[in-house]
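Hello,

Here is the structure I promised to pass on to you. Please open it alongside this email, and then read on for what I found in it.

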Amino acid sequence: MTDPLAETFPGLAAGGYRITSPESDSYNCLAWVASRNDRWWWPHPDAFWPEGAPLATTLAAFEAAYRMLGYTPRPGANFELRFEKIAIFADAMGTPTHAARQLDSGKWTSKLGRSVDIEHASPDALNGPSYGSPALFMDRRRPLWRWPMAVLKRTLAMLHACLL
């Protein structure tokens, strides 16, 4: 039996992934990155888009939208206890296509269009013709009250990786 997600995103097979929600067309990856699952985000008048962010499908517009949530551009996908990170993907033409959010464990989560949410090892696991590759990383300070849980989840994820 073939795995359709691994066929679409070969990097998932190498790093592993798990499905974390059923399919839903109520929200997309951009909403999921903002920790929302109640509406579709896109820079279009018929979808939700943060007020004041340009209604354009450009990296600058996506950056502006997530700046309104406290994110600022910062290179790299490595886990840092003090920061919550997101990755904005773009195709070869530089057009945004997808977004992913780093979890407290250091793994990443993505909503795959109208399909499922998944947890995956790194943003690069989704590189390819469907989403392109990460073009912009952003972060914001992780609230201090979430640090202990992040330490615990990161430690458990590292122990799990060592035992495999």
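Below is a short tour, starting with the whole chain and ending with two loop residues.

Please keep in mind throughout that this is a predicted model.

**The chain as a whole**

The protein chain contains five helices and seven strands. If you walk along the sequence, the elements come in the pattern α-α-β-α-α-β-β-β-β-β-β-α. The radius of gyration is 15 Å, close to the 15 Å that the globule rule gives for 164 residues, so the chain is as compact as a globular protein of that length. Along the principal axes, the C-alpha trace spans about 50 × 45 × 30 Å.

Of the 164 residues, 40% are buried. The surface that the chain exposes comes to about 8800 Å², with carbon and sulfur atoms supplying 59% of it. As for charges, there are 17 positive and 16 negative ones, and their mean positions lie 9 Å apart. Contacts across the sequence are worth a look too: among those between residues at least 6 apart, 56% join residues at least 24 apart.

**The sheet**

In what order do the seven strands of the open sheet lie? The order is β1-β6-β5-β4-β3-β7-β2, and the pairing is antiparallel. At the edges you will find β1 (17-19) and β2 (72-73), each of which pairs on one side only.

Let me start from the β1 edge. Three bridges join β1 to β6, and these two strands run antiparallel. Here Y17 stands opposite H120 of β6. H120 is also the bridge partner of W108, a residue of strand β5.

Strand β6 covers residues 117-120, and four bridges join β5 to it in an antiparallel arrangement. Within this pair, K111 stands opposite D117. The hairpin of β5 and β6 has five residues between the strands, and in it G113 takes a positive phi near 60 degrees.

On to the next neighbour: strand β4 (residues 96-102) is joined to β5 by three bridges, again antiparallel. A100 stands opposite S110 in β5. The hairpin of β4 and β5 likewise has five residues between the strands, and there G106 takes a positive phi near 100 degrees.

At the other edge, two bridges join β2 to strand β7 (residues 133-141), and the two run antiparallel. T72 has D139 in β7 as its bridge partner.

**Which way the side chains point**

In a regular strand the side chains alternate between the two faces of the sheet. You can follow this in β5 (residues 108-111): W108 and S110 point one way, T109 and K111 point the other way, and all are buried. Strand β6 is covered on both faces, with D117 and E119 on one side and I118 and H120 on the other, all of them buried. Charged residues are therefore among the buried ones here, including D117 and E119.**Two loop residues to look at**

The first is T57, which sits in the loop between α3 (29-33) and α4 (59-67). Is T57 buried, partly exposed or exposed? With a relative accessible area of 31%, T57 is partly exposed, because that value falls between the 20% and 50% cut-offs. Leaving aside neighbours within four places in sequence, T57 is in contact with W42, P43, F62, T95 and P96. Take P96 from that list: T57 and P96 are 39 residues apart in sequence, yet their C-alpha atoms are 6.4 Å apart in space.

The second is Y71, found in the loop between α4 and β2. Y71 has a relative accessible area of 2% and counts as buried, because buried means under 20%. Which residues does Y71 touch, not counting those up to four places away in sequence? They are V33, Y66, E84, I86, M138, D139 and R140. The C-alpha atoms of Y71 and R140 are separated by 4.6 Å, although the two residues are 69 apart along the chain. D139, another residue that Y71 touches, is the bridge partner of T72.

Happy browsing, and best wishes

Methods
Residues numbered from 1 in each chain as written. Predicted model: local features only at pLDDT ≥ 70, side-chain atom pairs only at ≥ 80, totals over all residues. Heavy atoms only, no water. Rg over C-alpha atoms; globule rule 2.2 N^0.38 Å. Buried < 20%, exposed > 50% of the residue type's maximum accessible area, 1.4 Å probe, protein only. Contact = heavy atoms within 4.5 Å. Areas by Shrake-Rupley, 256 points an atom, 1.4 Å probe, with all protein chains shown as cover. Charge placed at Lys NZ, Arg CZ, Asp CG, Glu CD. Pairing = 2+ DSSP bridges.
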